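Student: Could you take me through the salt bridges of this structure, with a careful look at where the paired side chains sit? I am new to it, so please give the cut-off for each term as you go.

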Amino acid sequence: MKNKFQNTYTFKMHILICILLSFTIGMSQEIEPVPSSIYENVAIEMSKVPLVSFPKLTVSIEKYGAVAGGLEKNTQAIEKAISEVSKKGGGTVKIPRGIWLTGPITLKSNINLHLEDGALLLFSKNFEDYPLIDTSFEGLNTMRCISPINAMNVENIAITGKGVIDGNGDAWRPVKKGKMTSKQWDNLVASGGVLSEDGKIWFPTKSSKKGFDSREYFNVPNLTKKEDLESVKDFLRPVMVSIVNCNKVLLDGPTFQNSPAWNIHPLMSENVIIRNLKVRNPWYSQNGDGLDLESCKNVLIYNNTFDVGDDAICIKSGKDKDGRDRGIPTENVIVKNNTVYHAHGGFVIGSEMSGGVKNIHVSNCNFIGTDVGLRFKSTRGRGGVVENIYISDINMINIPTEAIRFNMFYSGNAPILEENQKAEDEQRDEQKVAVTEETPVFKNIYMKNIIATNSGKAAFFMGLPEKSLENVTLENAMLEADEGITVIDTRGLQLKNVKVISKKTEALIIYNSNDIVVEGFTFSDNGKKAVKVLGTTSSEIKLELADFNNVKQQISIAKSLSKETVSFQ
């Protein structure tokens with residue numbers, strides 16, 4: 001009787017354990033819904049972005065022979081895991097705690113690549129693992145090395161979890177001497193590689209230097225044949241995460257760091273959610289952008305932290321003719337609750353915006369020590385239209401250059417000039433040229449509730465002589481900086497309830513601009529006049545300066561302009 005009872009009990013426990021194990025193996029990673037607050041108080045109209053979902057199948061890469069430790073390459077094991085889960089209709093491929101060395105990973109439809117807490121996915125520094133492929137880089141159709149994580153023409157994919165994805169970017173990137181301490185530079189040179197002729201740029205290999213010397217654009221060599229590109233392959237750094245022509249994409253949770261070039265690059269994709277990420281690159285990493293969203297539609301970007309070597313959150317749509325021929329704008333994007341530390345720009349549009357950018361909402365972001373806060377850039381030859389951009393509730397501190405910057409003469413310089421850069425490269429050209437499809441257009445941009453303290457310059461608005469920056473509004477702002485606001489070749493600017501605390505210059509300088517309305521403008525008394533109006537074509541400027549009885553004493557108007565140029569309210 002006792003044995004029968006024990007056998008029955010054992011049998012039942014065995015069944016229960018099997019059921020629990022089956023349930024555990026079958027459980028899918030829970031995908032949190034998008035909070036309703038993300039869609040609240042948004043100035044653009046867009047439908048809700050659909051969220052990914054996956055079958056319950058979950059497998060670990062260890063099942064396919066993956067070995068932790070960072071010494072043995074696990075490319076084949078990860079590939080087998082993804083292929084098997086894909087064949088079964090999809091599910092989650094789990095990267096457990098540990099260091100997992102691998103070559104490139106290609107995602108397939110209905111795959112969730114999930115990194116457990118404590119997992120480090122480390123990509124190989126062997127360039128031979130990354131063959132050349134046809135792709136787009138910096139907005140141009142070209143060839144680059146395949147990305148460490150890549151997905152093309154698939155749907156319903158995700159990268160989730162609390163682990164770290166490291167692109168081993170230091171193996172790829174050239175480094176400028178001026179961006180390192182002398183000891184860092186000496187250690188880097190001693191590690192190998194080659195130097196430029198002037199000794200100011202370090203390259204990891206001779207092939208990398210050869211590619212740099214053959215550049216046509218910033219990072220695209222003037223070479224077209226594959227055999228020629230193979231000779232400079234080491235220079236053709238990939239973006240770390242390349243997502244091309246995909247639908248329903250989720251990036252949620254991991255740290256993405258140390259990318260060879262740009263970190264995360266969704267291209268020509270729809271219904272993308274990017275949230276809860278930590279995106280990191282060394283500050284010296286050239287082209288080490290955080291997120292470059294290019295020619296994408298219906299996107300949410302929220303609750304992320306960026307600390308990178310170039311622009312942080314950047315909106316693009318292709319460069320010059322390649323971008324115009326593609327003709328796919330980036331549109332319907334919500335950017336909320338993000339923090340940016342070091343970056344060339346906190347939130348950026350351009351300079352590759354030839355396919356257009358429209359219907360963008362940005363709010364509740366903090367920029368801390370970012371080179372520029374809100375950065376808009378383009379140049380003659382781009383074409384494209386940027387319009388209907390709504391930005392609100394932005395806090396900035398310790399911005400060394402401009403808190404807000406519009407520059408239509410962008411030539412590739414970092415905001416803070418470095419070695420080998422020349423300020424005159426991006427100076428305006430007074431000569432008007434014909435307005436054509438190659439003329440970039442920026443219009444209908446609305447900013448409100450902006451606070452910036454300890455900046456180099458409060459704001460800089462500069463269009464082109466032949467095509468003004470049009471219809472920009474800045475409302476309810478407090479800008480404290482060494483220099484005030486400068487407005488050049490701009491039409492339809494409205495400054496409403498703006499306070500400028502300028503330590504060194506006039507609070508507002510207007511040059512060759514028209515239809516400017518300034519209401520409720522306050523400023524600090526630094527011994528300068530509040531407003532200076534210059535140029536030969538400025539007109540229709542309406543000023544209301546708060547808290548001053550004799551407004552006209554606070555205005556300086558160039559002798560080249562008529563008295564009717566400025567009217568007072």
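Tutor:

**Salt bridges and their surroundings**

Asp170 pairs with Arg173 in a salt bridge whose closest N and O atoms are 2.5 Å apart, the term standing for a side-chain nitrogen of Lys or Arg within 4 Å of a carboxyl oxygen of Asp or Glu. This is a predicted model, in which local features need pLDDT of at least 70 and side-chain atom pairs count only at pLDDT 80 or more, while totals for chains, interfaces and linings use all residues. Residues are numbered from 1 along each chain as its sequence is written, and side-chain values use heavy atoms, with hydrogens and water left out.

The two partners differ in cover: Asp170 counts as partly exposed because its relative accessibility is 36%, whereas Arg173, with a relative accessible area of 1%, is buried. Here buried means under 20% relative accessible area, exposed means over 50%, and partly exposed lies in between, with a 1.4 Å probe and protein chains only; the areas themselves come from the Shrake-Rupley method.

In general, side chains of opposite charge can pair when their charged atoms come close. The structure holds 28 salt bridges, and another of them joins the side chains of Lys94 and Glu116 at 3.8 Å, N to O. Lys94 belongs to strand 2 (residues 91-95) and Glu116 to the loop between strand 5 (111-115) and strand 6, so this pair ties together parts that are 22 residues apart in sequence. Helices (H or I, at least four residues) and strands (E, at least two) are DSSP runs, numbered from the N terminus. Lys94 is partly exposed because its relative accessibility is 24%, and Glu116 is partly exposed at 28%.

A further salt bridge, 3.9 Å from N to O, brings together the side chains of Lys316 and Asp292. Since Lys316 lies in strand 24 (residues 313-316) and Asp292 in strand 21 (residues 291-294), the pair ties together parts that are 24 residues apart in sequence. Both Lys316 and Asp292 are buried. Elsewhere, Lys63, Glu84 and Lys88 are joined into one network by salt bridges that share partners.

For a view of charges outside such pairs, turn to Glu128, which lies in the loop between strand 6 (119-123) and strand 7 (132-137) and counts as exposed because its relative accessibility is 63%. Together with Glu227, Asp228 and Glu230, Glu128 forms a negative surface patch; patches are made of residues with over 30% relative accessible area and no salt bridge, like charges being joined within 9 Å and nonpolar side chains (Val, Leu, Ile, Met, Phe, Trp, Tyr) within 5 Å.

Methods. Areas by Shrake-Rupley, 256 points an atom, 1.4 Å probe, with all protein chains shown as cover. Lys, Arg positive; Asp, Glu negative; His and termini not counted. Charge placed at Lys NZ, Arg CZ, Asp CG, Glu CD.
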